[in-house]
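I am opening a notebook on a structure that is new to me, and I want to look up its charged contacts and its enclosed empty space.

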Amino acid sequence: MGHIHVNLDVMLARRQMSLTELSERVGVTIANLSILKTGKARAIRFTTLEAICEELDCQPADLLEYRRDTDEKHRRDTDERKWDR
């Protein structure tokens, strides 16, 4: 199993924009953007994602990334090595 990693901090840095400025531009509270930025959000509305993408001039894939959990990757790597023998 994996998880969705949010790269909002990366995109803000690339655009030289603060969380406060993004908050004002998209009409989402700093608290909610902070929850998203730290990866603690459990969901995001498409309208919010669209507004963020519009302001940061990016695609959803620039903000959201699927990452496999390390433990699962280790298990798969170990299983693959068993078959190599």
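Entry 1. Which residue forms a salt bridge with R67, and how far apart are the closest N and O atoms? Working in what is a predicted model, I looked up R67 and found that its salt-bridge partner is E65, with the closest N and O atoms 3.4 Å apart. I then checked how far each partner is open to the outside: R67 counts as partly exposed at 33% relative accessibility, and E65 likewise counts as partly exposed, at 29%.

Entry 2. I next asked how many salt bridges the structure holds. The search returned 3, and I noted that those sharing partners join E21, R25 and E55 into one network, which I followed residue by residue.

Entry 3. I began the network at E21, which forms a salt bridge with R25, where the closest N and O atoms are 2.8 Å apart. Where do E21 and R25 sit relative to each other in helix 2? The two are 4 residues apart in that helix, which covers residues 19–26, so about one helical turn separates them. For E21 I wrote down a relative accessible area of 28%, which makes this residue partly exposed, and for R25 an area of 44%, which places R25 in the partly exposed class too.

Entry 4. From R25 I went on to its other contact, a salt bridge with E55 in which the closest N and O atoms lie 3.4 Å apart. Because R25 belongs to helix 2 and E55 to helix 4 (residues 46–56), this pair ties together parts that are 30 residues apart in sequence. I also looked up E55 itself, and at 27% relative accessibility E55 counts as partly exposed.

Entry 5. I then turned from charged contacts to empty space. Rolling a probe the size of a water molecule over the atoms shows where empty space is left. Searching the whole structure, I found 1 cavity of 30 Å³ or more, and I recorded a volume of about 30 Å³ for the largest cavity.

Entry 6. Which residues line the largest cavity? I listed V6, L8, L36, I44, L49, I52, L63 and L64. When I sorted this lining by residue class, I counted 8 nonpolar residues, no polar ones and no charged ones.

Entry 7. To close, I set two results side by side: the network made of E21, R25 and E55 is joined by salt bridges that share partners, while the lining of the largest cavity has no charged residues.

Notes:
Residues numbered from 1 in each chain as written. Predicted model: local features only at pLDDT ≥ 70, side-chain atom pairs only at ≥ 80, totals over all residues. Heavy atoms only, no water. 1 Å grid on protein atoms, 1.4 Å probe; cavity = no way out; pocket = protein on both sides within 12 Å on 5 of 7 lines; lining within 4 Å. Points joined across faces, edges and corners; volume = space filled by probe spheres on them. Nonpolar A, V, L, I, M, F, W, Y, C, P; charged D, E, K, R; others polar. Salt bridge = Lys/Arg side-chain N within 4 Å of Asp/Glu carboxyl O. Buried < 20%, exposed > 50% of the residue type's maximum accessible area, 1.4 Å probe, protein only.
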